[in-house]
Amino acid sequence: MSSTASLLALALAGLLLVTFPGLCVGTAAAHHRPNGNQCHPSGSLEGPSTGHICGECCKPGHLYPKYQCSPPVTKSTRAVMTLNNFEEGGDGGDPSECDGKYHYNTERVVALSTGWYNHGKRCGKNIRISAKGGSVLAKVVDECDSLHGCDKPHAFQPPCEPNIVDASQAVWDALDITGDEVGDYPITWSDT
């Protein structure tokens, strides 16, 4: 494609978004998370009528997308790794879905988005997470709920996006991802 055609296509796309802003919904972060464009929202969840004080809590009146699916799992499934505190009183909310227990942040454990969690079929199994040229095994102990949220069992956080691997600090440390890199980090993962 020529540079003139590229510029014309870009200008047309911008004009469409200015004219029809509803075509572009969600947060800026959501647009940069690779989900393979194969999983679309199955509805929305409204934030509570009163707010909670935390950086990631649901906002009153805000609509959050819900997902019943996740992108297909491959030998190198693209995802976003987020940090979760699986200990009692941590931001993970209630005990883990798989075993009803809290887990130490020194354990290599993860929660998977609802579609990947697959009704608990991955519970207790290891997945391989790859990033920065390295890889680590981590045990699936929980669901990062993509259908529910904004309540106490979900630590007042919105539903997870469909492509999340929510990992303990031990997973981040094993991949040597530290400091400002910790947060929403692009990874790949696979079943072992």
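**Close-up views of a predicted model**

Tyr185 is buried, with a relative accessible area of 14%. This and the other values below come from a predicted model.

**View 1. The aromatic pair of Trp172 and Tyr185.** Trp172 is buried as well, at a relative accessible area of 0%, and Tyr185 counts as buried because its 14% falls under the 20% cut-off. The two ring centres are 6.3 Å apart and the planes stand at 75°, so the pair is edge-to-face. Trp172 belongs to helix α4 (residues 169-174) and Tyr185 to strand β8, and the pair links these distant parts of the chain, 13 residues apart.

**View 2. The aromatic pair of Trp116 and Trp189.** The structure holds two aromatic pairs. In the one formed by Trp116 and Trp189, the arrangement is edge-to-face, with 5.2 Å centre to centre and 70° between the planes. Trp116 lies in helix α3 (residues 114-117) and Trp189 in strand β8 (residues 185-191), so the contact ties together parts that are 73 residues apart in sequence. Trp116 is buried, with a relative accessible area of 1%. Trp189 likewise counts as buried, at 1% relative accessibility.

**View 3. The closed barrel.** Six strands form a closed barrel in the order β3-β7-β4-β6-β5-β8, and their pairing is mixed. On average, neighbouring strands of this sheet are turned by 45° against each other, direction ignored.

**View 4. Strands β3 and β8.** Strand β3 (residues 77-83) and β8 run antiparallel and are joined by five bridges. Arg78 has Thr188 in β8 as its bridge partner. Strand β8 (residues 185-191) also carries Trp189 of the pair with Trp116, and Tyr185 of the pair with Trp172 is in β8 too.

**View 5. The hairpin of β5 and β6.** Strands β5 (residues 126-131) and β6 run antiparallel, with six bridges between them. Within this pairing, Ile129 stands opposite Val136 in β6. Two residues separate the strands of the hairpin, and Lys132 in the turn has a positive phi of about 55°.

**View 6. Strands β4 and β6.** Strand β4 (residues 109-113) runs parallel to strand β6 (residues 134-144), and five bridges join them. Ala111 is placed opposite Asp142 in β6. Strand β6 thus has its place in the barrel order between β4 and β5, with a parallel partner in β4 and an antiparallel partner in β5.

Key. Residues are numbered from 1 along each chain as its sequence is written. This is a predicted model: local features need pLDDT of at least 70, side-chain atom pairs count only at pLDDT 80 or more; totals for chains, interfaces and linings use all residues. Side-chain values use heavy atoms; hydrogens and water are left out. Two strands pair if DSSP finds at least two bridges between them. Helices (H or I, at least four residues) and strands (E, at least two) are DSSP runs, numbered from the N terminus. Rings of Phe, Tyr and Trp (its six-membered ring) pair if their centres lie within 6.5 Å; planes under 30 degrees apart count as stacked, over 60 as edge-to-face and the rest as tilted. Buried means under 20% relative accessible area, exposed over 50%, partly exposed in between (1.4 Å probe, protein chains only). Axes are lines fitted to C-alpha atoms, for helices over the stretch in contact, and angles run from 0 to 180 degrees between N-to-C directions.
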